Amino acid sequence: MSGNGLDKDRLGWILTQMTRIREFEERVKSTFEEHPGAIRGHTHLADGAEASIVGSIAALRDGDQVLTTYRCHGYPIALGSDTKALMAEIYGRSTGICGGFGGSMHLVDPDRGFLGTSGIVGQGIPHATGAAYAAQIRKKGQVVLSFFGDGASKQGAFHESLNIASLWKLPVVYIMENNNYNVVTRSDQEDANAAAGEPLAVKAKAFSMPGVTVDGADPIEVYDAVRAAVERARSGEGPTLVESKVYRLSAHGNIIAPPGVPLHYPEHEAITVFGNRDEYEAALRGDPVPRFRGRLIGDGTLTSEEADAIAAAAKDEMEAAVVFAWESPYPEPEEAVNHVYA
Amino acid sequence: MGEEGSSSDNETGAAALDARAALRLLRQMWRIRAFEERVGVLKRADEVYGLIHLSIGGEGVAAAVCTQLLARDPMYTGHRGHGHALAKGAPMERVMAELMGRSDGVCRGMGGSMHLVDTEHGLMGATGVVGGNIPLALGSALAARLRGSDEVAVVFFGDGAVQAGHFNESVNLATLWALPVILVCENNGFAEFTPRSAHTNVERVSDVVAPYGLERKTVDGNDAAAVWTAFARFLSAARAGRGPFLLECLTHRLRGHYEGDPSQYRDALAAEEWQQRDPIVRLASAGESQRWFRAPDAAAAERDAREEVEAAVECARASPFPPPGLPAELVYAVARR
Amino acid sequence: MAHELPYIAAINEAIQLEMERDSDVLYFGQNIATTDDDPFLQAFGADRVRVTPISETAEIGMAIGAALAGLRPVVELYMAEFMLVAMDQVVNEANRFRYMSGGKVKVPLVLKAGYGFTAGWAGQHTGSIYSMFVGVPGLKVALPSTAADAKGLMATAIRDDNPVCFFHHYLLTLEHGEVPDGEYLVPFGEASIRRAGKDVTIVATGWTVDRALAAAERLSGEGVEAEVIDPRTLAPLDMPTILESVAKTGRLVLVDQATRHGGASAVIAAEVADQGFDSLKAPIKQVTALDATIPYSEPMERFVLPDEDKIVTAVQQVLGSAPVAA
């Protein structure tokens with residue numbers, strides 16, 4: 001792993017963040033069994049996307065910014081947000097990172113560069129483009145990462161934003177996490193390029209910007225591509241579209257049900273809708289977290305004791321996050337009228 | 001995955017266009033030219049008012065496309081739609097009456113210049129929101145397919161619409177569902193008051209849609225015969241159920257964006273340069289050299305057009321203004337019992 | 001001191017002064033700064049002043065993102081209807097970001113759009129749709145009726161840390177008015193009493209303010225003194241001033257160019273019926289556009305819109321001197 005500047009510490013860091021994200025998401029998921037009713041509404045997990053998330057964020061430096069979709073837990077974790085506050089937000093407590101105002105889909109941590117999300121597919125892409133515009137005129141060399149899914153690439157917001165970013169040479173990297181599904185729709189059912197068997201990165205040609213496809217299960221491949229794109233953006237040459245192929249290991253989200261019906265995570269849509277258990281099981285075998293752990297141990301970067309310690313620390317941390325969230329108070333009802341206006 | 005578009009195609013398509021069609025084309029172009037010039041004068045006299053966008057210079061595209069369509073082919077256009085409407089068959093006196101806000105207008109005075117509708121002749125609508133009805137054309141194409149008809153949907157828009165999100169959403173879906181719709185982009189290099197280079201890095205619209213793989217072609221929009229040939233090819237394929245297609249016509253907008261636009265943002269076209277580009281002049285001279293028609297035919301085309309326009313003006317002037325209470329009656333459709 | 005300016009120039013003056021005062025203020029949108037000699041471009045440069053393609057979703061979304069990153073964009077949208085192309089960004093993104101972050105971020109931006117161009121521009125360019133934004137939590141809505149208010153409200157809008165929809169009336173574009181020199185701010189939530197009177201309160205917005213003042217002159221000739229109030233901002237709305245006036249006159253006529261249902265006049269009527277019921281000596285009357293898309297043809301266009309005659313009739317109705325229409 002030489003040539004891209006990733007030393008043992010950095011590689012260990014990458015595995016650590018991937019493990020922390022996985023552990024956090026597992027705890028969110030198990031909350032539905034352990035504390036039914038604690039999490040309301042709709043949550044979306046990043047399990048399966050950890051390599052893509054962390055490989056991307058590893059390419060950033062202080063001052064850079066990130067905006068994402070509602071599938072947002074992983075990014076602030078990698079950026080260093082307080083996982084107790086993140087869990088408490090998902091539990092709707094006053095100690096949540098947004099005071100209980102946003103919930104799972106709307107985490108925000110501007111101090112760590114995590115400017116926010118949107119619950120509406122594709123609508124955060126223009127936000128990231130605007131943050132990149134601000135970065136451009138501030139001239140401090142900041143870069144913005146805009147994360148979204150393959151479903152968003154059909155939205156007008158995607159096209160309008162990438163066109164302008166390319167025209168104005170904005171310092172932004174657009175990272176499309178292509179997990180091949182838009183809820184229960186496969187991308188070849190909704191995307192002309194996918195239907196033709198083409199990588200979605202070809203869409204970049206319409207904006208005269210480079211497009212590249214990477215294996216989102218390999219954090220180093222992701223890191224290499226995003227780092228190159230970040231350098232290009234930082235040097236003023238403009239945006240890049242990175243298509244990062246991932247597989248989400250959970251269903252799109254917990255079930256949608258009216259109050260009174262207990263929420264839970266169903267099986268992945270590949271199985272429940274398309275009857276394709278083989279596809280899902282193959283994805284499980286390619287799970288990026290144990291895969292990367294195995295690779296680092298295999299090539300001697302880490303010992304298995306070091307890897308175990310990472311896992312144990314993550315487990316303890318997220319256990320504490322759950323306890324903190326569960327024991328935190330709810331906001332006072334009257335607080336609901338705060339923060340409408342600045 | 002579909003043909004590569006070629007830029008600045010120099011096919012004249014002489015073989016495809018026969019003498020009868022060529023004369024019909026010329027006559028239609030003169031009708032549009034005469035109408036638009038007259039509307040410009042009427043606008044200055046306040047007999048037509050509001051926001052008027054003339055298509056002088058765009059007659060070649062309007063005529064070459066619309067004269068090949070049937071009344072039942074659904075067509076949509078935008079704010080610069082008089083020529084498309086006339087060529088599609090909307091009666092001239094009723095279009096004129098609409099611009100004057102009279103009862104006999106195609107929309108009874110409700111819509112005006114940017115909102116012409118004449119469903120009897122397949123003019124499904126025009127919109128003042130750039131590219132706003134491209135998705136509607138997809139709907140028409142879908143309906144045609146579901147009904148098993150060979151109707152082809154056509155929608156006109158300018159190069160400015162291509163950067164709008166709804167254009168892109170439509171291209172993806174039309175390609176995915178292989179809808180029988182022909183997207184006709186009149187690329188005149190300007191969107192209102194800004195040149196294309198202020199809107200995008202990608203000069204040719206056919207290059208913007210290339211990643212989708214739909215069949216597309218770029219032609220000289222001032223060469224009516226070339227537009228005719230290219231469109232004819234797409235049309236016959238679409239009638240057989242194939243699609244979508246994008247026809248990019250490189251044109252020139254002779255007047256400002258709207259009547260009254262001082263156009264300080266671009267250089268005025270020299271008179272000789274305009275003569276070289278004027279689609280009517282070009283078709284007339286091609287017609288003579290190809291022996292499609294003779295000089296008297298060309299002169300008659302202009303004369304007849306101007307007479308028809310004058311008659312339309314008189315007719316429109318004689319039409320009464322609509323009753324004031326009409327709007328309230330038309331807000332909702334009422335079920336027939 | 002003051003100088004005379006047309007309404008549109010007063011707005012531009014405010015933008016210019018604010019851009020001079022605060023380098024975080026941006027100005028972008030379609031068809032602006034299209035030539036090198038554009039005054040904004042010359043004064044503030046191509047970083048802060050940019051032309052965009054026809055991409056309202058991206059324009060408004062980018063404004064949100066730039067605001068989250070600490071800048072203060074003004075987006076030129078030209079027509080209120082073009083905001084509809086990007087409705088999610090206006091009513092489901094810009095407005096709610098601060099709230100849903102628990103106050104962690106703010107979204108200072110101004111969406112500048114003209115409305116009401118009832119000069120034959122027909123249904124897609126002439127609506128008075130500002131009321132669509134009034135009930136949206138987190139948005140502010142400003143609606144100047146004079147050149148001075150246009151300048152003062154724009155300056156306040158730019159300095160406000162919230163997303164502001166600034167709607168300027170197209171028919172007022174060239175209306176001249178006395179405009180204070182230099183820095184001039186009109187606070188939000190402060191109505192303007194344009195004419196004092198004791199017999200009836202007329203609350204009018206935007207372009208209808210002048211119609212109401214003309215109606216008041218006519219009524220004065222008949223011995224009826226009308227108090228004409230311009231709320232200037234619909235969100236926040238200065239109900240205390242309106243209630244105080246109704247307590248004095250006992251009668252209320254609301255004039256608004258928007259359609260009747262779901263408009264600003266309905267909001268004000270409900271608030272007065274709730275908080276000022278004891279003051280009322282007659283039912284509240286609304287003079288609005290009819291519930292129809294604005295038609296193109298001139299006689300029809302005139303018919304659907306509120307005008308001086310309709311205001312006078314409404315006043316006579318609340319005074320009991322004219323029959324109330326069925």
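What follows is a short walk through confidence, aromatic pairs and a few individual residues in a predicted model.

Confidence first. Chain B comes out with an average pLDDT of 89, and 92% of its residues score at least 70. Broken down by element, helix α3 (residues 82-88) of chain B sits at the top with a mean of 98, while helix α9 (residues 271-277) of chain B sits at the bottom with 78. The start of the chain is another story: over residues 1-15 of chain B, pLDDT stays under 50. Even so, the model gives that stretch 34 contacts beyond four places in sequence.

Next, the aromatics. Counted over all chains, there are 21 aromatic pairs. One of them joins B:Phe157 and B:Phe167, whose ring centres are 5.4 Å apart with 55 degrees between the planes, a tilted arrangement. The two partners are 10 residues apart and come from distant parts of the chain, with B:Phe157 in strand β3 (residues 153-158) of chain B and B:Phe167 in helix α6 (residues 165-176) of chain B. Both B:Phe157 and B:Phe167 are buried.

Chain C offers a pair with another geometry. The planes of C:Tyr115 and C:Phe167 stand at 90 degrees, with 6.5 Å between the ring centres, so this pair is edge-to-face. Because C:Tyr115 belongs to strand β5 (residues 109-115) of chain C and C:Phe167 to strand β7 (residues 163-169) of chain C, the pair ties together parts 52 residues apart in sequence. As for accessibility, C:Tyr115 has a relative value of 1% and therefore counts as buried; C:Phe167, at 0%, counts as buried too.

In chain A, the aromatic rings also gather into a group: A:Phe148, A:Phe158, A:Tyr174 and A:Phe207 make up one cluster. Another phenylalanine of chain A turns up at the surface, where A:Phe274 joins A:Val183, A:Val184 and A:Val273 in a nonpolar patch of about 280 Å². A:Phe274 is placed in the loop between α9 (269-272) and α10 (277-285) of chain A. With a relative accessible area of 30%, A:Phe274 is partly exposed.

Back in chain C, a polar residue rounds off the picture. C:Gln30 is found in strand β2 (residues 25-30) of chain C. Its relative accessibility is 8%, so C:Gln30 counts as buried. Leaving aside residues up to four places away in sequence, C:Gln30 touches C:Val51, C:Thr52, C:Pro53, C:Ile54, C:Ser55 and C:Glu56, along with C:Glu59, C:Glu76 and C:Tyr78.

Methods. Residues are numbered from 1 along each chain as its sequence is written. Chains are lettered from A and ligands numbered from 1 in the order in which they are written. This is a predicted model: local features need pLDDT of at least 70, side-chain atom pairs count only at pLDDT 80 or more; totals for chains, interfaces and linings use all residues. Side-chain values use heavy atoms; hydrogens and water are left out. pLDDT is the predictor's confidence in each residue, from 0 to 100. Helices (H or I, at least four residues) and strands (E, at least two) are DSSP runs, numbered from the N terminus. Contact means heavy atoms within 4.5 Å. Patches are made of residues with over 30% relative accessible area and no salt bridge: like charges are joined within 9 Å, nonpolar side chains (Val, Leu, Ile, Met, Phe, Trp, Tyr) within 5 Å. Accessible areas come from the Shrake-Rupley method with a 1.4 Å probe; for residues, only the protein chains shown count as cover. A salt bridge is a side-chain nitrogen of Lys or Arg within 4 Å of a carboxyl oxygen of Asp or Glu. Buried means under 20% relative accessible area, exposed over 50%, partly exposed in between (1.4 Å probe, protein chains only). Rings of Phe, Tyr and Trp (its six-membered ring) pair if their centres lie within 6.5 Å; planes under 30 degrees apart count as stacked, over 60 as edge-to-face and the rest as tilted.
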